[in-house]
Amino acid sequence: MCYADLGTGFYRNEDKMTETHDKHDFPTRRNLLAGAAFGAATLAVEGLPRQGFAAGKKTGLEDPLKMYPAPPFSQKLQPWPGLQSKMTPRPDCGEKSYVGSGRLKGRHALITGGDSGIGRAVAIAFAREGADVAINYLPEEESDAQEVIAYIRKAGRKAVALPGDLREEAFCQKLAKEAHDRLGGLDCLVNNAGYQTFQEDLLDLTTEHLDQTFKTNVYALIWLTKASVALMKPGSCVVNTTSVQAYMPSPGLVDYAATKSAISSITRSLGKQLLSRGIRVNAVAPGPFWTPLETTGAQPLEVVNRFGSGVPYKRPGQPVEIAPAYVTLASAESSYATSQIWEVTGGMT
């Protein structure tokens, strides 16, 4: 399993991307009003205390198309589960640039897949926003995980490393309790870990492969959420990671895309069910993000080295660019949001 992050799968024939328009694309009074409402909401969020990148090299206004590396890349495939430290270019998880402003002060978060990629960026962001953080990862990813632990502690927060295999229900139950006990509470769960392997031909898709994908991406999410909710107080939250694959599935990711659809549905159902407990459930849906998941068999090598070239940005997202979505959904500022899915897709609609 790759526990780097599970929202980054993106495989499609980028040379055949087309743009379609119909009568619904033209402005109507309803569309204009909806746009105005969205703009007002955006301004409201922008006015809140939030993170920024001013402490790093990114200051002032900068063209988002040119902020980070664009393909072609020269990345080699890695043995599963892969390490971020062996990627070229190395993903930017906000190690030098993310600046917190206390939005999660006093919170206690458990993040799966917290060693690298999106999970790593979220762990760093949460710590710099004032949360104590526990991360789960596979033992093979220990070197990446220890870097994250160091960043959390440098932010002045409590850091807990909890390696283990999420495909085991007993471990998921133990994980939630240990995170709760060692952090002194548990009020935020980020289900981010996942497994993805490209399989071009359905006839080659084995039951063993299906079991690994569904147990990692769906079973573990339910097991861990169930165990965590039993320990949570009103005001707590769950943030899941789904994917653009949930609604734009690639032909070689049949099983993975199915799990992403399942996570989207689970998010909407649990968001309604758990509201009676005072617990919110939301999700983030990434498009193509540059993480170790892509280098361990999630994509064919030729796709890896042009990864992200088919979206409007012409490049993959960097994990630091999606971390603010998790922060916002986890914060009390989003108290009226549940069953929502926030897309961060590089312009894909």
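User: Which residues of β4 point the other way from Cys 188 and Val 190?
Analyst: This is a predicted model, in which local features need pLDDT of at least 70, side-chain atom pairs count only at pLDDT 80 or more, and totals for chains, interfaces and linings use all residues. Residues are numbered from 1 along each chain as its sequence is written, and side-chain values use heavy atoms, with hydrogens and water left out. In a regular strand the side chains alternate between the two faces of the sheet. In β4 (strands are DSSP E runs of at least two residues, helices H or I runs of at least four, numbered from the N terminus), Cys 188 and Val 190 are buried on one side, and the buried residues pointing the other way are Leu 189 and Asn 191.

User: Why does Cys 188 count as buried?
Analyst: Buried means under 20% relative accessible area, exposed means over 50%, and partly exposed lies in between, with a 1.4 Å probe and protein chains only. Cys 188 counts as buried because its relative accessibility is 2%.

User: Which residues does Cys 188 touch, not counting residues up to four places away in sequence?
Analyst: Cys 188 has its place in strand β4. Contact means heavy atoms within 4.5 Å. With residues up to four places away in sequence left out, Cys 188 touches Arg 107, His 108, Ala 109, Leu 110, Phe 126, Met 232, Cys 237 and Ala 330.

User: What separates the C-alpha atoms of Cys 188 and Ser 236?
Analyst: Cys 188 has Cys 237 as its bridge partner in β5. Ser 236 is 48 residues from Cys 188 along the chain. The C-alpha atoms of Cys 188 and Ser 236 are separated by 5.7 Å.

User: How many bridges join β4 to β5?
Analyst: Two strands pair if DSSP finds at least two bridges between them. On the β1 side, β4 runs parallel to β1 with 3 bridges, and Ala 109 has Cys 188 as its partner. On the β5 side, where the run is also parallel, Leu 189 is matched with Val 238. The number of bridges joining β4 to β5 is 4.

User: How many residues of β5 are buried?
Analyst: Cys 237, Val 239 and Thr 241 are buried on one side of β5, and Val 238 and Asn 240 are buried on the other. The strand is therefore largely enclosed by the rest of the structure, with a buried count of 5 of the 5 residues.

User: Which are the edge strands of the open sheet?
Analyst: The open sheet has 7 strands in the order β3-β2-β1-β4-β5-β6-β7, with parallel pairing. Its twist averages 15° from one strand to the next. Strands β2 and β3 pair over 5 bridges, and Asn 136 stands opposite Leu 162. Pairing on one side only marks the edge strands, β3 (159-163) and β7 (341-344).

User: What angle does the direction of α5 make with that of β4?
Analyst: Angles run from 0 to 180 degrees between N-to-C directions, and axes are lines fitted to C-alpha atoms, for helices over the stretch in contact. Helix α2 lies across β1, β2, β4 and β6 (280-286), at about 170° to β1. Helix α5 packs on the sheet and touches β1, β4 and β5; its angle with β4 is about 175°.

User: In which crossing does α4 pass α5?
Analyst: Helix α4 (residues 169-183) and helix α5 (residues 207-229) pack at about 35°, with their axes 8 Å apart. The contact includes Cys 172 and Leu 175 of α4 and Trp 223 and Leu 224 of α5. A crossing is left-handed if the near helix is turned anticlockwise from the far one by less than a right angle, and right-handed if clockwise. For α4 and α5 the crossing is right-handed.

User: Which element gives the largest share of the largest nonpolar core?
Analyst: A nonpolar core is a set of buried Ala, Val, Leu, Ile, Met, Phe, Trp, Tyr and Cys residues joined through side-chain atoms within 4.5 Å. The largest has 36 residues, and those with the most contacts inside it are Phe 126, Val 133, Ile 135 and Tyr 326. Among the elements that give two or more residues to this core are β1 (108-112), β4 (188-191) and α8 (323-330). The largest share, 8 residues, comes from α2.
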